[in-house]
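Let's take a walk through this one together. Have the sequence and the 3D view open, and turn the view around as we go.

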Amino acid sequence: MHASSLLRFAEKGNFSQMRAFAGDVLYTEGMPGTHMYVIKEGEVDIYMVREEKRVVVETLSRGQCFGMTPHLPKGRRINNAAARTYCELYLVDNQSIEPHVQATPELARSVLHTLSDRLSAAHELIATRVNYQPDILIYAQLLYLLGIADIGKQAVVKAEAAGKQALASPLLQDVVMNARIMFAHSDKHIRTCLAKLLNLHLIRIEDEKGTGKRVLFSPRDIVSQARKVTDSTANDADKLSYEYISVDEFAAMVDVERPVLLRKLAGGDFSDDVFTFRKTEIMRLLDEKGRRFFAERKIKTPDEFTDILDIEFADQKTVFAVVSKFDTFELAKLLSSISEEAVRQKIVASLSRSKREEIESDLKDMKPVDPIEVQQIGGAIIKAVKELMTKGA
């Protein structure tokens with residue numbers, strides 16, 4: 001209901017619209033927030049950068065809004081947004097939305113409903129995704145620090161020397177407060193994590209009259225015991241599915257040069273999940289198909305040719321027929337801008353010896369060329385190759 005109301009509001013308001021393709025970044029944390037977005041079509045990832053990890057905290061879809069920041073100091077973005085799929089978005093200016101909200105109770109309720117739902121979900125998602133250690137382990141580490149502060153490190157050492165177990169008993173409210181500060185977890189998530197530790201018999205919770213509830217545990221053992229019971233593989237696998245990585249990290253992971261990956265991405269060789277650099281999808285493909293999947297170009301049919309690099313998939317006879325009609329100086333300009341050896345060899349092998357010698361001479365004295373001119377030359381060649389091969393078929 002509220003999603004439909006937001007869409008009706010955006011459609012009737014004649015607000016500006018924009019398109020975004022999978023992987024396009026809409027804004028980043030700290031940027032001025034001059035407008036909010038309403039999703040007409042598609043999906044958008046809201047993500048945060050924490051511990052040098054880009055972590056998706058929520059994925060929004062048709063009818064939902066995001067990027068509403070007029071209530072924040074200087075209206076700065078508090079997170080990052082990127083298109084998860086192809087999107088069509090309405091851009092609603094902050095200055096114009098306030099009177100509409102005041103004049104339209106239904107719209108105000110819709111916006112508040114949407115933001116409330118998202119905030120509740122985001123707290124839990126941040127809690128489970130941002131920290132890349134299992135929750136049981138990080139809570140055991142927190143309790144260890146609080147336990148040492150509660151009874152003192154020397155007391156722990158003395159108890160161990162005497163063969164006894166020193167028990168810490170910090171207040172439950174202090175544990176909760178420190179978890180909020182250190183992990184930014186919601187109270188609900190904190191209670192869930194403490195309940196897990198309780199069920200695993202790593203802690204006890206006792207109610208002392210006059211002081212309140214206390215958490216009892218052995219600081220010496222709690223971290224090592226937590227490591228034994230933690231299924232870190234399952235936790236990390238789930239968290240990795242929400243992690244973004246950069247193009248450079250992508251290239252290092254699959255051991256393929258950045259320009260090769262960018263060309264394959266631009267050519268549509270990968271799925272949308274890879275295009276938005278979801279680490280889990282890249283790891284899955286690397287495991288299933290190997291490095292060659294990322295390094296080798298997808299074989300194209302003549303009707304799919306769009307770029308001069310596609311000439312690699314053309315037959316030599318057609319390339320010879322087309323290339324022989326072009327001026328050697330133009331071919332020299334084109335070859336000076338092509339780094340792919342297979343493509344260079346395809347073109348050079350289609351030339352007579354005299355033309356090859358002319359081109360080699362031109363390349364020696366070649367000055368920086370106009371990239372637009374090179375693009376036009378390459379476009380003309382691949383267009384001619386495509387037409388000739390299509391006719392032959």
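What follows starts with the whole chain, moves on to its cores, and ends with some helix pairs and two single residues.

One thing to keep in mind from the start: this is a predicted model. The chain has 393 residues, and 42% of them are buried. Its secondary structure adds up to 19 helices and 11 strands. How do the contacts run along the sequence? If you take contacts between residues at least 6 apart in sequence, 75% of them join residues at least 24 apart.

Now for the inside. In soluble globular proteins, nonpolar side chains tend to be buried together. Here, the largest nonpolar core has 26 residues, and the members that touch the most others are I311, L334, I347, I381 and V385. Which helices feed this core? At least two residues each come from helix 15 (316-323), helix 16 (328-336), helix 17 (341-348) and helix 19 (371-392). Helix 19 gives the most, with six residues. There's also a second, separate core of 25 residues, and L146, L197, V215 and I222 are among its members.

Let's zoom in on L334. If you set aside its neighbours within four places in sequence, L334 is in contact with I308, I347, V374, I377, G378 and I381.

L334 also turns up where two helices meet. Helix 16 and helix 17 pack with their axes 11 Å apart, at an angle of about 165 degrees. Angles over 145 degrees count as roughly antiparallel, and that is therefore how helix 16 and helix 17 lie to each other. Their crossing is left-handed. On the helix 16 side, the contact is made by L334, L335 and S336, while helix 17 brings R344, I347 and V348. Sort the residues of this contact by type and you get four nonpolar, one polar and one charged.

For another pairing, find helix 6 (residues 172-183) and helix 7 (residues 187-199). Their axes are 10 Å apart, and the helices pack at an angle of about 120 degrees. Helix 6 and helix 7 are therefore oblique to each other. This crossing is right-handed. Helix 6 makes the contact with L172, V175, V176, A179 and R180, and helix 7 does so with D187, I190 and L194. By type, the contact of helix 6 with helix 7 comes to six nonpolar residues, two charged and no polar.

Helix 8 (residues 219-229) is worth a stop too. Its buried residues include P219, D221, I222, V223 and A226. I222 is the one you met earlier as a member of the second core. Part of what covers the buried residues of helix 8 is helix 4 (135-151).

Finally, two single residues. Look for V56 in strand 5 (residues 53-60). Is V56 buried or exposed? It is buried, with a relative accessible area of 1%. From V56 to A81 is 25 residues in sequence, and their C-alpha atoms are 9.2 Å apart in space. D370, by contrast, sits in the loop between helix 18 (353-364) and helix 19. With a relative accessible area of 40%, D370 is partly exposed. D370 and S337 are 33 residues apart in sequence, with 9.9 Å between them in space, C-alpha to C-alpha.

Terms used: Residues are numbered from 1 along each chain as its sequence is written. This is a predicted model: local features need pLDDT of at least 70, side-chain atom pairs count only at pLDDT 80 or more; totals for chains, interfaces and linings use all residues. Side-chain values use heavy atoms; hydrogens and water are left out. Axes are lines fitted to C-alpha atoms, for helices over the stretch in contact, and angles run from 0 to 180 degrees between N-to-C directions. Helices (H or I, at least four residues) and strands (E, at least two) are DSSP runs, numbered from the N terminus. Angles under 35 degrees count as roughly parallel, over 145 as roughly antiparallel, 65 to 115 as roughly perpendicular and the rest as oblique. A crossing is left-handed if the near helix is turned anticlockwise from the far one by less than a right angle, and right-handed if clockwise. Contact means heavy atoms within 4.5 Å. Ala, Val, Leu, Ile, Met, Phe, Trp, Tyr, Cys and Pro count as nonpolar, Asp, Glu, Lys and Arg as charged, and the others, Gly among them, as polar. A nonpolar core is a set of buried Ala, Val, Leu, Ile, Met, Phe, Trp, Tyr and Cys residues joined through side-chain atoms within 4.5 Å. Buried means under 20% relative accessible area, exposed over 50%, partly exposed in between (1.4 Å probe, protein chains only).
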